[in-house]
Amino acid sequence: MPRLRVLLLALAALLPIGGRAANAQPATLSVSGNPGLLRISTAVAGSQPISVGNSTTTYTVDTGNPNRTYDITAQLNAAMPAGVTLTGTYAAPAGATSVGQIALDQTARNVVVGIPRRTTSTHGITYQLSATVLAGVVPLSTRTVTLTIVQAP
Amino acid sequence: MNTTRLLATLALLTAATAAQAQTATQTVTFQVDAINQIAFTGSPSLVINSATAGSAPASATASGSWAITTNQSNAKITASINSAMPSGVTLTANLAAPAGASSAGATTLGTTAVDVVTSLTQVAEGSLNVTYGLSATAAAGVVASQSRTVTYTITGGT
């Protein structure tokens, strides 16, 4: 009997938490996968190497119902090699704003701002790789881009 | 399950709710290959048609331009022509060097490739001057209009 009482108490304690979770369900973010290899391999004589891009991936955002707006930030796990720049462009959901093409680095930077509540949608991501001749030859490398959805200030 | 364990479980449940995945990650893979590009513009025409009495015929010159992009170090440009010049006639090329490189100056062109610019390191530069010179001795005689193809090659970068 004491065990049953404890169990009932536990269930009773869980109910309010479950209720709050339903109302304050955190916004979620997911991506469709990884972009393909970004490979710079040519140039027009007299100019810097030709940049390459990839627009094959998307992100999906779900902000739920809380009366607040959200931003998405992006950052790299490590700096890019000298002379090499990775930019990202993240299309915005309705009612939000994309900051456009932005150079990615180890600082979390806003890429989409003002995502309203009740937003559940999927949008394109475009990565672009550029390099100057001073970058030299860069062997196959990877960087992790972390996208984070945060409550707008 | 005692009360302490129950509270701990509830705390974990609450924390899990607050820490639900709000991030997503992508792996971006990239590389930059060795890039060596040169381009030349212009099809210069060179005519020798005068001399100062008592001297060899006056040389002729013509200009063009060239451009380069390389992301390697210590590359060089060689030049050659597709067939030998007539006896007594000499064709030279003089390429202006981009920043940090060295020009060999006016260099006689033949069917064997010769260095015309060296020490090319990580440079992207255009509108560089190239000057062709044509000279002939009196012994060359009259040479009918003809053409040569100059082949420039960028090589040797590391």
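**Exercise 1. Find the order of the strands in the open sheet of chain B, and decide which strands stand at its edges.**

Solution. In this predicted model, 5 strands of chain B form an open sheet in the order S2-S3-S9-S5-S7, with antiparallel pairing. The next step is to look for strands with a single partner: S2 and strand S7 (107-108) of chain B each have one partner strand, so one side of each is left without a neighbour in the sheet. Within the sheet, S3(B) and S9(B) run antiparallel and are joined by 10 bridges, and a place to begin tracing S9(B) is Leu134(B), which stands opposite Ala60(B).

These strands can then be set in the chain as a whole. Chain B contains 1 helix and 10 strands, and along the sequence its pattern reads α-β-β-β-β-β-β-β-β-β-β. Among the contacts in chain B with a separation of 6 or more, 73% are between residues 24 or more positions apart, while 22% of the 158 residues of chain B count as buried.

**Exercise 2. Describe the side of chain B that touches chain A, by its elements and by the character of its residues.**

Solution. Begin with the count: 37 residues of chain B are in contact with 51 residues of chain A. At least two residues of this side of chain B come from each of helix H1 (3-18), strand S1 (23-32), strand S2 (36-41), strand S3 (60-70) and strand S9 (123-136) of chain B. Of the elements, S1(B) gives the most, with 10 residues. Sorted by character, the residues on this side of chain B are 17 nonpolar, 18 polar and 2 charged.

**Exercise 3. Work out where S1(B) stands in the sheet that holds strands of both chains, and in which sense each of its pairings runs.**

Solution. The order of this open sheet of 6 strands is S2(A)-S1(B)-S10(A)-S4(A)-S8(A)-S6(A), and its pairing is mixed. The edge strands are S2 and strand S6 (97-98) of chain A, each of which pairs on one side only. S1(B) therefore has to be read from the order S2(A)-S1(B)-S10(A), given that two strands pair if there are at least two bridges between them.

Take the two pairings in turn. Strand S2 (residues 38-40) of chain A runs parallel to S1(B) and is joined to it by 3 bridges; here Arg39(A) has Gln31(B) as its bridge partner. Strand S10 (residues 138-151) of chain A, by contrast, pairs with S1(B) in the antiparallel sense over 9 bridges, and in that pairing Thr142(A) stands opposite Thr29(B).

**Exercise 4. Trace the strands of chain A that pair with S3(A).**

Solution. Strand S1 (residues 28-31) of chain A pairs with strand S3 (residues 52-62) of chain A in the antiparallel sense, over 4 bridges, and Thr28(A) has Asp62(A) as its bridge partner. S3(A) is also joined by 9 bridges to strand S9 (residues 120-131) of chain A, again in an antiparallel run, where Val52(A) stands opposite Leu129(A).

**Exercise 5. Explain why Leu86(A) counts as buried, and place the largest nonpolar core.**

Solution. Leu86(A) is found in strand S5 (residues 84-90) of chain A. The cut-off for a buried residue is 20 or more other C-beta atoms within 10 Å, and Leu86(A) counts as buried because it has 20 C-beta neighbours inside 10 Å. Not counting residues up to four places away in sequence, Leu86(A) touches Met80(A), Leu104(A), Tyr127(A), Leu129(A), Arg143(A) and Val28(B).

Turning to the core, the largest one has 33 residues, and those with the most contacts inside it include Leu29(A), Tyr59(A), Ile72(A) and Leu129(A). The elements that give two or more residues to this core include S3, S5, S9 and S10 of chain A, together with S1 of chain B. Another core, of 25 residues, lies apart from it, with Ala43(A), Ile68(B), Leu109(B) and Leu120(B) among its residues.

**Exercise 6. Judge which stretch of chain A calls for caution.**

Solution. Chain A averages a pLDDT of 88, and 84% of its residues score at least 70. Over residues 6-23 of chain A, however, the pLDDT is below 50, and this stretch has 9 contacts in the model beyond near neighbours in sequence.

Technical notes: Residues numbered from 1 in each chain as written. Chains lettered and ligands numbered in written order. Predicted model: local features only at pLDDT ≥ 70, side-chain atom pairs only at ≥ 80, totals over all residues. Contact = placed C-beta atoms within 7 Å. Nonpolar A, V, L, I, M, F, W, Y, C, P; charged D, E, K, R; others polar. pLDDT = per-residue confidence, 0-100. Buried ≥ 20, exposed ≤ 12 C-beta atoms within 10 Å, placed from the backbone. Core = buried A, V, L, I, M, F, W, Y, C linked by C-beta atoms within 7 Å.
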